[in-house]
Amino acid sequence: YGIGEMGRNAGNPRGRDISGFGCLQLRHGKHAGGRRRLDGALESYRDRGYHDRDDATVIKKLIAEFLGTFVLVAAGTGAVAMDASVFVISLAFGCAVWSMILVFGKWSGAHLNPVVSIIFALHGKLEKKALLPYLLSQCLGATAGALLVYALNEKVAAGLTLPSEQISSNEAFGIEVGITFVLMFTILRAPCLVGSSINRIALLVGTTVGVNAYLFGPMTGASMNPARTLGPALVAGNLDYLWLYLFATVLGVTVALAIHKAIPPKQAGCC
């Protein structure tokens with residue numbers, strides 16, 4: 001951006017052109033000081049993100065996270081509300097993740113999951129200032145998805161993630177840690193495993209979600225996603241086991257990141 005444009009559009013509500021500011025300092029023999037002030041002003045302008053295009057991009061990303069998580073929860077818990085088989089429910093979750101990555105991957109990265117955003121923020125692939133807006137968008141999307149399922153089916157408990165009566169809370173916690181670890185480690189290593197193609201990454205991640213849901217859904221609901229658990233829990237007014245799915249997924253993602261960093265990638269910079 002030119003300095004004149006900066007003067008007209010940022011920090012200058014009256015629209016005055018300050019493009020000659022540096023020349024004014026030159027005439028007074030203060031070229032270095034003027035240049036430093038101009039550079040500092042421009043850098044501050046950029047750092048604060050006063051760009052209409054940047055604002056639009058942020059909004060676009062948050063909308064993508066809201067819609068993607070909305071579809072994920074609506075599709076998966078909708079299958080539950082329809083009393084579908086475990087296979088169909090798993091297919092619904094897996095296909096929802098696969099399709100949303102294809103649709104929104106280039107917009108926001110299609111995290112659709114708070115722990116994915118957390119792991120990318122810790123890994124330096126998501127700006128930390130963007131983390132909270134991402135989490136809020138995902139949780140709101142999940143809640144909206146659960147509300148839609150309730151409105152259509154009037155099954156308030158549809159999609160609740162609860163431990164099976166056949167296992168203890170500790171066992172459920174361990175399962176959620178394990179499957180969250182598998183999913184997060186797969187996401188982190190995806191570029192090394194299948195390359196940078198979004199089609200292959202979407203298929204890999206969607207398949208991982210579907211397989212985990214099929215194998216462990218009858219035991220814990222196979223959440224792997226705090227937002228996916230939070231939405232139906234809020235709609236049902238049942239937060240009894242929210243702590244389990246929150247802390248288990250955070251622990252799983254932490255272990256996944258630690259092991260990912262400890263294992264060198266096949267090629268430098270691939271993941």
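**Exercise 1. Find the residue just after α8 that takes a positive phi, and give the angle.**

Solution. This is a predicted model, so the angles and distances here are computed from it. Step one: go to the end of helix α8, which covers residues 169-194. Step two: look just past that end, where you meet G195. Step three: read its phi, which is positive at about 90°.

**Exercise 2. Work out whether the end-to-end distance of α8 agrees with its number of residues.**

Solution. Start with the count: α8 has 26 residues. The expected span is 1.5 Å times one less than that number, so the helix should span 38 Å. Now check the model: the end C-alpha atoms are 36 Å apart, which agrees.

**Exercise 3. Locate the kink in α8 and say which proline follows shortly after.**

Solution. Walk along α8 until you reach L188, where the helix kinks by about 55°. Keep going a little and you hit the proline, P191.

**Exercise 4. Describe the largest pocket: its volume, its lining and the helices that build it.**

Solution. First, the volume: about 670 Å³. Next, the lining has 33 residues, and those nearest the centre are I101, G109, A110, F120 and I187. Then ask where the lining comes from: α5 (86-108), α6 (114-122), α8 and α9 (198-220) each chip in at least two residues. The largest share belongs to α8, with 6 residues. Last, sort the lining by class: 22 nonpolar, 9 polar and 2 charged residues.

**Exercise 5. Do the same job for the second largest pocket.**

Solution. Its volume is about 390 Å³. Its lining has 13 residues, with D54, V58, E127, K129 and A130 nearest the centre. Two helices, α4 (52-81) and α7 (128-153), are the elements that give two or more residues to this lining. Of the elements, α4 gives the most, with 6 residues. By class, you get 6 nonpolar, 2 polar and 5 charged residues.

**Exercise 6. Which two side chains meet in a salt bridge, and are these residues buried or exposed?**

Solution. Begin with the idea: side chains of opposite charge can pair when their charged atoms come close. The cut-off for a salt bridge is a nitrogen-to-oxygen distance within 4 Å. Now try K129 and E127: their side chains meet at 3.7 Å, N to O, so the pair passes the cut-off. The count for the model comes to 1 salt bridge. For the second part, K129 is exposed, and E127 is exposed as well. You've met both before: K129 and E127 are among the residues nearest the centre of the second largest pocket.

Definitions and conventions: Residues are numbered from 1 along each chain as its sequence is written. This is a predicted model: local features need pLDDT of at least 70, side-chain atom pairs count only at pLDDT 80 or more; totals for chains, interfaces and linings use all residues. Side-chain values use heavy atoms; hydrogens and water are left out. Helices (H or I, at least four residues) and strands (E, at least two) are DSSP runs, numbered from the N terminus. The bend at a residue is the angle between axes fitted to the seven residues ending there and the seven starting there. On a 1 Å grid over the protein atoms alone, a cavity is a set of points where a 1.4 Å probe fits but cannot get out, and a pocket is an open set with protein on both sides within 12 Å along at least five of seven lines; lining residues have an atom within 4 Å of a point. Grid points are joined across faces, edges and corners, and a volume is the space filled by probe spheres set on the points. Ala, Val, Leu, Ile, Met, Phe, Trp, Tyr, Cys and Pro count as nonpolar, Asp, Glu, Lys and Arg as charged, and the others, Gly among them, as polar. Buried means under 20% relative accessible area, exposed over 50%, partly exposed in between (1.4 Å probe, protein chains only).
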